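Good morning, colleagues. Please look at the model on the screen while I describe a sheet, a helix pair and a cavity.

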Amino acid sequence: MKAITLLGSTGSIGTQTLDIVSQYPDQFRIVGLASGRNVELLAAQIRQFRPSIAAICDEDKLPTLKEAIKDLDPQPILLAGEAGIIEVARYSEAQTVVTGIVGCAGLLPTIAAIEAGKDIALANKETLIAGAPVVLPLVEKHNVKLLPADSEHSAIFQCLQGVPKGGLRRILLTASGGAFRDWDVAKLADVTVADAIKHPNWSMGRKITVDSATLMNKGLEVIEAHFLFGMDYENIDIVIHPQSIIHSLIELQDTSVLAQLGWADMRLPLLYALSFPDRIYTDWQQLDLVKAGNLTFREPDHQKYPCMKLAYAVGKAGGSMPAVLNAANEQAVALFLDEKIRFLDIARCIESVCDRFRDDNSANPSLDDIVAADKWARLEVLAATENFDARSRIISLR
């Protein structure tokens, strides 16, 4: 059995990973769990999967967690805080670490896991977007596998199996278009939080669902694809595919195009990342092309999705700039979810913060540079919006 540590166990990625482990107990076992604040669910997971070590990021919740599982024998090692999450990430028994922590909070635990020689099932795209200049050399140094566990990059990775070196010509990332793909641009000024978190195809957390609505999630995936597969930005395209049946495509040098298809089910890329290079039989619903019906495609509307063009520009700038983009987006989306800024303010705020950072961008950043850029961007967003209420607009920070 492959020994698995799961970071972000109570989130969407985490619960679906545990569903896989439950279904295939002869293939996988959980040795470590880490979560943010949901102490009740984490306690239930510890009871079911009996990890050797577990951590909760909210240190105030640790006494409650200890009390909830005090009757277990043997007791797991219980830790708290960022340091506790990092200890779980590097725990010696694990072979593979699933990084399901949302946002840049997953960067330091992922680095700890890599330095401990663990293979990474990467469901946290921010690890590469913000930290690629540090993470990729560590992956090579410690000779570990970095396996994409999100649907789009897993699709690309699957299509590349058997493709000779130099055979890849272009990557085509498919996007659902999010909650507002069929809305007129003029209506976006009146978007509510409730509107933005209604994804038409996928069941995801609030933050990533808003990213899908702005298409920032796809812009971030472009940057991640650049780092994962070594493609120039000019050769990574985005296409709106409302049905979310084709999860991404690759074009080869001879113009042949390969695609990976399946129902919208995050367990598929997670299972492949956990079982690679093997394929495990499942009893999950098989794809029925007749039932799926028409598969349609459209070009993204740059007026509706300004975050997409911004992500391309930031990716090409490189250095610390992607860390700023990611942090500014996280902070702006959090403000929107708290109803402190409006939906269209998200892109305006991110662009303004990135503009302010341009002259300070470090071409070859260290981990300290990346962490500092992340912190700076979050503070800039907060400073820019502290005097705004839910009805206000950010006009310009330049």
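In which sense do strand E10 and strand E11 pair, and over how many bridges? E10 (residues 246–252) and E11 (residues 257–261) pair in the antiparallel sense over five bridges. Two strands pair if DSSP finds at least two bridges between them; helices (H or I, at least four residues) and strands (E, at least two) are DSSP runs, numbered from the N terminus.

Before I continue, a word on the source. This is a predicted model, in which local features need pLDDT of at least 70 and side-chain atom pairs count only at pLDDT 80 or more, while totals for chains, interfaces and linings use all residues. Residues are numbered from 1 along each chain as its sequence is written, and side-chain values use heavy atoms, with hydrogens and water left out.

Within the hairpin, Leu249 stands opposite Ala259 in E11. Four residues lie between the strands, and Thr255 takes a positive phi near 75 degrees.

The hairpin belongs to an open sheet of four strands, with the order E9-E8-E10-E11 and mixed pairing. Strand E9 (236–240) and E11 stand at the edges with a single partner strand each, so one side of each has no neighbour in the sheet. On average, neighbouring strands are turned by 20 degrees against each other, direction ignored. Strand E8 (residues 168–175) pairs with E9 in the parallel sense over five bridges, and Leu172 stands opposite Asp237 in E9. Helix H7 packs on this sheet, touching E8, E10 and E11, where contact means heavy atoms within 4.5 Å.

I turn to the helix pair. Helix H1 (residues 12–23) and H11 pack at an angle of about 60 degrees, with their axes 10 Å apart; axes are lines fitted to C-alpha atoms, for helices over the stretch in contact, and angles run from 0 to 180 degrees between N-to-C directions. The contact includes Ile13 and Ile20 of H1, and Leu270 and Leu274 of H11.

Finally, the cavity. A search of the whole structure finds one cavity of 30 Å³ or more. On a 1 Å grid over the protein atoms alone, a cavity is a set of points where a 1.4 Å probe fits but cannot get out, and lining residues have an atom within 4 Å of a point. The volume is about 40 Å³, that is, the space filled by probe spheres set on the points, which are joined across faces, edges and corners. Ser151, His247 and Asp265 are among the lining residues. H7 gives the most to the lining, with three residues.

How values were computed:
1 Å grid on protein atoms, 1.4 Å probe; cavity = no way out; pocket = protein on both sides within 12 Å on 5 of 7 lines; lining within 4 Å.
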